[in-house]
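Please open the structure in your viewer and keep the selection tool at hand. The tour proceeds by short stops, each of which begins with a selection.

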Amino acid sequence: MASKDSFLEQAPKQLFIGGKWLDAESGAVDDVVNPATGEVIAQVARGSVADTEKAIEAAQAAFPIWASLDVDERAKILRRAADLITEKADELAAILTIEQGKPLAQAKGEVLGGAESVRWHAEELRRVYGETIPGPNGHLFLVQKEPLGVVGAITPWNFPSSMITRKISPALAGGNAIVLKPSPETPLSATALMKVFQEAGIPDGTVNLVMGDAAAIGKTLTESNTVRKITFTGSTAVGKRLFEQSADTLKKVSLELGGHAPFIVFDDAPLDKVVNDLVAAKFRNNGQVCTSPNRIFVHESIREAFTEKLVEAVKSVKVGNGLDEGVLAGPLIRKDALGKIQRQVDDSVAKGAQLLIGGKRLTDGAYANGYFYAPTVLGGVSTKMAIFYQETFGPVIPLIPFTDTDEVIRMANDTDYGLASYFYTLDLKRIAKVSQGLQYGMVGVNSNTVAFTQTPFGGVKHSGFGRENGHQGIDDYVNTKFVNLNYGI
């Protein structure tokens, strides 16, 4: 197998517009930094307004070609793309780990999950069903699903491969063309995927990639009348801005934004399983996940035993370069993330929380030049502390005691966010009550997993709207048209 560095070298560094790899019109480039080492690993084209407009024009020209292709032909191309992603999983995972930091095994899992998303939508596009409705004699009422046109997709750095496939797949399945704007921190995962779709035989211009000036590219996509939908995954603040900018063109918008997931441990929960699930979920991608457990509510009667088991488990979490063997938690994506986490920890301790383990940046030896933070557990966290209300995109577990089911439901819902939630109990009556009471788009009951290709993914409140995955996902990428067919004339 080729070396990981050669995979990086082979990843395109240009914009992908109209089926061609192009430099930015200005000739500008951006550095790509490995967060584990602080090293510049590549320079990629820095696109702007002119490049984005060119990509929109290319997508508009390609749209009728892709939309009119026989569904079997579209499915064949998507299946080929899924097969290629699977074949190149080691290569794509290495690129992802080097530019983003997550452990290689997690990166490969993400890549393969993305392949499954493409494969799922290759079959689901055959099931974009319409309806017939009874009408008066001589009339046939038809409800048909049609593609929107050009879709603008803006994706984040924390899942730089699967967030792309999760957006591209349903858009293409619905018959649309795409202009993709990836995160500036992780552009190489995007260029490598565009290369795959090109190799799979997708018509030129059906998928386009513009990296660079985030504000300029986003504004161009939102203000374009040609772009009929914006799909965005990222922070709530940026999502609100994109939503506002899209108002004048009345385009469809799907937003998958921040989360602040509660993780509730009731007194009858199996503690060993819960601790294992919590550690796996919290330190996945080093806590840089919108569905990551952020507020851990533990029943007072089991608090001491649970805390002891948890701290012991956290001690075994290996932090390091994602390319190294056995690493569970890699670096944070940028230096400024370290400061945000430290401020939350310091605020909690100053207001009475107990620092049980961690609580500082790692700087010794191999950690010296990267953005590493020690796995951290805080005890006695309360609503007086910023960490109770602010999303933590990092490896910090705040423990919050509770005694009553109604009380913990109120505390869990005491947030502007409503993406994912989790709770553990063996009581069936409590399962029904809590799953109904939690104001979240997704609920994991005795499970730390809420994302599956075949099920809808999305949130409520300030976590956004719209759904990805499942058969519901394609609905956000089609228009519904009513046809009154008068055959009795």
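**First stop: helix 14 and helix 15**

Select residues 405-413, which form helix 14, and residues 428-437, which form helix 15; these helices pack at an angle of about 25°, with 10 Å between their axes. Because an angle under 35 degrees counts as roughly parallel, helix 14 is described as roughly parallel to helix 15. Their crossing is right-handed. Please bear in mind throughout that the model is predicted.

Now display the side chains at this contact. From helix 14, show Thr405, Asp406, Ile409 and Asn413; they meet Arg430, Lys433, Val434 and Gly437 of helix 15. Which classes of residue make up the contact of helix 14 with helix 15? It has 3 charged, 3 polar and 2 nonpolar residues.

**Second stop: helix 2 and helix 8**

Next, select residues 49-68 for helix 2 and residues 214-223 for helix 8. The two pack with their axes 9 Å apart, at an angle of about 35°. Turn the view until one helix lies in front of the other: helix 2 passes helix 8 in a right-handed crossing.

On the side of helix 2, the residues to show are Val49, Thr52, Glu53 and Ile56, and they meet Ala216, Ile217, Thr220 and Leu221 in helix 8. By class, this contact of helix 2 with helix 8 comprises 5 nonpolar residues, 2 polar and 1 charged.

**Third stop: helix 3 and helix 6**

Proceed to helix 3 (residues 71-87) and helix 6 (residues 162-173), whose axes are 10 Å apart and which pack at an angle of about 165°. How does helix 3 run relative to helix 6, roughly parallel or roughly antiparallel? The angle makes helix 3 roughly antiparallel to helix 6. The crossing of this pair is left-handed.

Select Arg74, Leu78 and Ile85 in helix 3; they meet Thr165, Leu172 and Ala173 in helix 6. The contact of helix 3 with helix 6 divides into 4 nonpolar residues, 1 polar and 1 charged.

**Fourth stop: a salt bridge between strands**

A search of the whole structure finds 28 salt bridges. For one of them, select Lys481 and Glu146, whose side chains meet at 3.0 Å, N to O. Lys481 belongs to strand 22 (residues 478-486) and Glu146 to strand 6 (residues 139-147), so the pair ties together parts that are 335 residues apart in sequence.

**Last stop: the annotated domain**

Finally, select residues 21-483, which an unreviewed UniProt entry annotates as "domain: Aldehyde dehydrogenase". Over this range the chain is 40% helix and 21% strand. The C-alpha atoms at the two ends of the range are 42 Å apart.

How values were computed
Residues are numbered from 1 along each chain as its sequence is written. This is a predicted model: local features need pLDDT of at least 70, side-chain atom pairs count only at pLDDT 80 or more; totals for chains, interfaces and linings use all residues. Side-chain values use heavy atoms; hydrogens and water are left out. Axes are lines fitted to C-alpha atoms, for helices over the stretch in contact, and angles run from 0 to 180 degrees between N-to-C directions. Helices (H or I, at least four residues) and strands (E, at least two) are DSSP runs, numbered from the N terminus. Angles under 35 degrees count as roughly parallel, over 145 as roughly antiparallel, 65 to 115 as roughly perpendicular and the rest as oblique. A crossing is left-handed if the near helix is turned anticlockwise from the far one by less than a right angle, and right-handed if clockwise. Contact means heavy atoms within 4.5 Å. Ala, Val, Leu, Ile, Met, Phe, Trp, Tyr, Cys and Pro count as nonpolar, Asp, Glu, Lys and Arg as charged, and the others, Gly among them, as polar. UniProt positions are given in the numbering used here, feature names are shortened, and annotations may be inferred rather than shown by experiment. A salt bridge is a side-chain nitrogen of Lys or Arg within 4 Å of a carboxyl oxygen of Asp or Glu.
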